[in-house]
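Me: I would like to go through this structure label by label. For each term, tell me what earns it.

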Amino acid sequence: MVQSEVRTPLGLIISSVIKRDSGVYTGTLPGQDALAEGPTGLLRCASFLKHRQLSKQINKSRDQQAYSRSNVKMARLLHNLLLLTVGLTLKIRVMGYWSLIYGYCALCTGVALLKLGWNIILRPSTTFQWTVRETPPACLNDTSLGTHCYVKIKESGLRFHYVAAGERGKPLMLFLHGFPEFWFSWRHQLREFKSEFRVVAVDMRGYGESDLPSSTESYRLDYLVTDIKDIVEYLGYNRCFLVGHDWGGIIAWLCAIHYPEMVTKLIVLNSPHPCVFTDYALHHPSQMLKSSYYFFFQLPYFPELMLSINDCKALKSLFTSRSTGISCKGRWLTTEDLEAYLHALSQPGALTGALNYFRNVFSVLPLSQSEVKSPVLLLWGERDAFLEQDMAEACRLYIRNHFRLNIISGASHWLQQDQPDIVNTLIWTFIKEGEGRKNYRNL
């Protein structure tokens with residue numbers, strides 16, 4: 001090893017220890033040349049050292065840039081890999097979602113075909129017989145229920161039928177029916193609330209005497225919600241007490257979500273918040289089984305046939321059977337009441353219009369908006385054959401205002417017809433909460 005140290009007048013110490021793998025470098029050192037050449041050499045030496053330091057900095061900067069570029073490339077690679085993974089996961093979920101829907105559709109179709117075959121074997125002469133009821137039963141013209149009216153919506157071009165009672169100018173209470181019903185399902189409430197409200201029970205799009213668009217696309221949820229908003233405005237109001245049951249409940253929830261300023265108070269009967277229903281059904285096979293008709297109704301034509309055979313026997317059993325029908329013995333539908341439903345649903349195209357609600361539901365769920373800002377009363381029949389009670393309490397998660405839940409013991413899905421007195425009392429109590437009658441008269 002050769003080590004050289006030269007101390008200059010300026011105090012500069014030039015120390016060089018140069019090693020090589022093969023031995024020791026013994027060449028001339030910069031400090032020695034600088035000492036021999038005097039001041040000029042010292043300047044040259046300083047320049048040399050400065051240049052060497054600058055070279056080191058440049059090399060270090062290049063190394064850092066190379067390392068940084070490597071990191072950026074790695075980050076981009078990981079980002080692209082993450083995007084690919086998320087995209088693939090979403091596609092798999094979507095494929096799984098629709099596979100589940102269509103697979104369950106196929107299963108329900110198979111069961112329905114077996115039932116149809118069994119009906120043909122047992123009743124070959126009557127299976128494909130049904131009657132179109134041309135004359136409405138007298139109960140539909142009962143003047144104590146209100147006046148039959150029509151409103152034509154300019155924007156959609158559709159005409160809606162409704163029955164109204166109570167003085168004009170009083171607060172509006174609007175009733176939305178479910179499947180497979182029409183305005184008549186609210187007969188007990190029309191009589192009850194007409195003393196304090198302008199009560200209106202509407203035939204929704206595709207039901208009863210309202211217009212029946214032919215295309216399935218015309219029954220999208222956003223159209224159905226807009227219908228209600230338009231009807232409220234054409235009736236001369238900008239706010240209402242909104243009451244909905246079953247499918248009418250779904251539309252009522254959505255109206256409160258998208259038009260909170262329009263809904264003074266929301267009252268829903270046996271219909272969970274749409275987000276609750278979607279999430280609960282996907283995680284509870286028992287509810288999925290109870291909702292199997294949702295999947296069966298996706299098929300064209302065949303569900304209409306199954307609901308019509310044996311003179312609409314399936315529709316009759318919905319309201320009258322022990323498992324799904326009205327529970328309260330004193331409130332069972334009379335023969336005339338049942339004929340009123342069959343009259344409405346046996347009209348040409350009526351069943352298709354009602355089923356088209358189901359045929360659009362999977363394309364819009366889950367919702368992009370879900371919060372409800374209006375006060376909410378949720379009434380739930382304990383013996384609902386189609387919807388599990390656990391969903392009722394879960395609705396609380398989406399409500400940003402007062403929420404009241406009442407479970408009615410022994411009541412069926414057809415709550416407002418099964419227990420009308422209890423329902424009416426609970427609605428009155430909810431309406432009066434936090435405000436006297438004088439207050440809501442001025443709405």
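Reply: Begin with exposure. Buried means under 20% relative accessible area, exposed means over 50%, and partly exposed is the range in between. Asp222 has 34% relative accessibility, so Asp222 counts as partly exposed. One caution: this is a predicted model.

Me: Why is Arg220 called partly exposed?

Reply: Its relative accessibility is 24%. Buried needs under 20% and exposed needs over 50%, so Arg220 falls in between. Glu217, at 45%, is partly exposed as well.

Me: What makes Glu217 and Arg220 a salt bridge?

Reply: The N to O distance is 3.0 Å. The limit is 4 Å between a side-chain nitrogen of Lys or Arg and a carboxyl oxygen of Asp or Glu, so the pair qualifies. Asp222 and Arg220 also meet in a salt bridge, at 2.4 Å. The structure holds 13 salt bridges.

Me: Why is Arg220 said to sit over the ring of Tyr223?

Reply: The charged end of Arg220 is 4.6 Å from the ring centre. The distance limit is 6 Å, and the charge must also lie within 35 degrees of the ring normal. Arg220 is listed as sitting over the ring of Tyr223. The charged end of Arg159 sits over the ring of Tyr150 too, 4.1 Å from its centre.

Me: How do you know that Asp421 and Arg331 form a salt bridge?

Reply: Their closest N and O atoms are 3.3 Å apart. The cut-off is 4 Å, so the label holds. This pair links distant parts of the chain: Asp421 lies in helix 14, Arg331 in the loop between helix 9 and helix 10, 90 residues apart.

Me: Is Asp421 exposed or buried?

Reply: Exposed. Its relative accessible area is 52%, and exposed means over 50%, so Asp421 meets the mark. Arg331, at 27%, is partly exposed.

Me: Which residues are linked in a network of salt bridges?

Reply: Arg133, Asp311, Lys316 and Glu339.

Me: Why is the pair of Phe197 and Trp428 called tilted?

Reply: By this rule, ring centres must lie within 6.5 Å to pair. The structure has 28 aromatic pairs. Phe197 and Trp428 are 6.1 Å apart, centre to centre, with 40 degrees between the planes. Stacked needs under 30 degrees and edge-to-face needs over 60, so this pair is tilted. The two residues are 231 apart in the chain: Phe197 sits in the loop between helix 3 and strand 8, Trp428 in helix 14. Both Phe197 and Trp428 are buried.

Me: What makes Tyr219 and Tyr357 a tilted pair?

Reply: Their centres are 5.8 Å apart and their planes 50 degrees. That angle is neither under 30 nor over 60, so tilted is the term. Tyr219 is in the loop between strand 8 and helix 4, and Tyr357 in the loop between helix 11 and strand 11, so the pair ties together parts 138 residues apart in sequence. Tyr219 and Tyr357 are both buried.

Me: Where else does Tyr357 appear?

Reply: In the lining of the second largest cavity, with Phe160, Met204, Arg205, Leu224, Asp227 and Ile228. Helix 4 gives the largest share of that lining, three residues.

Me: Why does this space count among the cavities of 30 Å³ or more?

Reply: About 40 Å³ of space lies in it. The structure holds two cavities of 30 Å³ or more. A cavity is a space where the probe fits but cannot get out.

Me: How do you know that the length of helix 14 agrees with expectation?

Reply: Its 13 residues should span 18 Å at 1.5 Å a residue, and its end C-alpha atoms are 18 Å apart, so the two agree. Trp428 is one of the buried residues of helix 14, which also include Pro420, Val423 and Ile431. Gly434 follows helix 14, with a positive phi near 80 degrees.

Me: Why is helix 5 called largely enclosed?

Reply: Because 11 of its 12 residues are buried. Among them are Trp247, Trp253 and Cys255. The expected span of helix 5 is 16 Å, and its end C-alpha atoms are 17 Å apart, which agrees.

Me: What makes Pro171 buried?

Reply: Its relative accessible area is 3%. The limit is under 20%, so Pro171 is buried. Pro171 lies in the loop between strand 6 and strand 7.

Key. Residues are numbered from 1 along each chain as its sequence is written. This is a predicted model: local features need pLDDT of at least 70, side-chain atom pairs count only at pLDDT 80 or more; totals for chains, interfaces and linings use all residues. Side-chain values use heavy atoms; hydrogens and water are left out. Rings of Phe, Tyr and Trp (its six-membered ring) pair if their centres lie within 6.5 Å; planes under 30 degrees apart count as stacked, over 60 as edge-to-face and the rest as tilted. Helices (H or I, at least four residues) and strands (E, at least two) are DSSP runs, numbered from the N terminus. Buried means under 20% relative accessible area, exposed over 50%, partly exposed in between (1.4 Å probe, protein chains only). The expected span of a helix is 1.5 Å times one less than its number of residues. On a 1 Å grid over the protein atoms alone, a cavity is a set of points where a 1.4 Å probe fits but cannot get out, and a pocket is an open set with protein on both sides within 12 Å along at least five of seven lines; lining residues have an atom within 4 Å of a point. Grid points are joined across faces, edges and corners, and a volume is the space filled by probe spheres set on the points.
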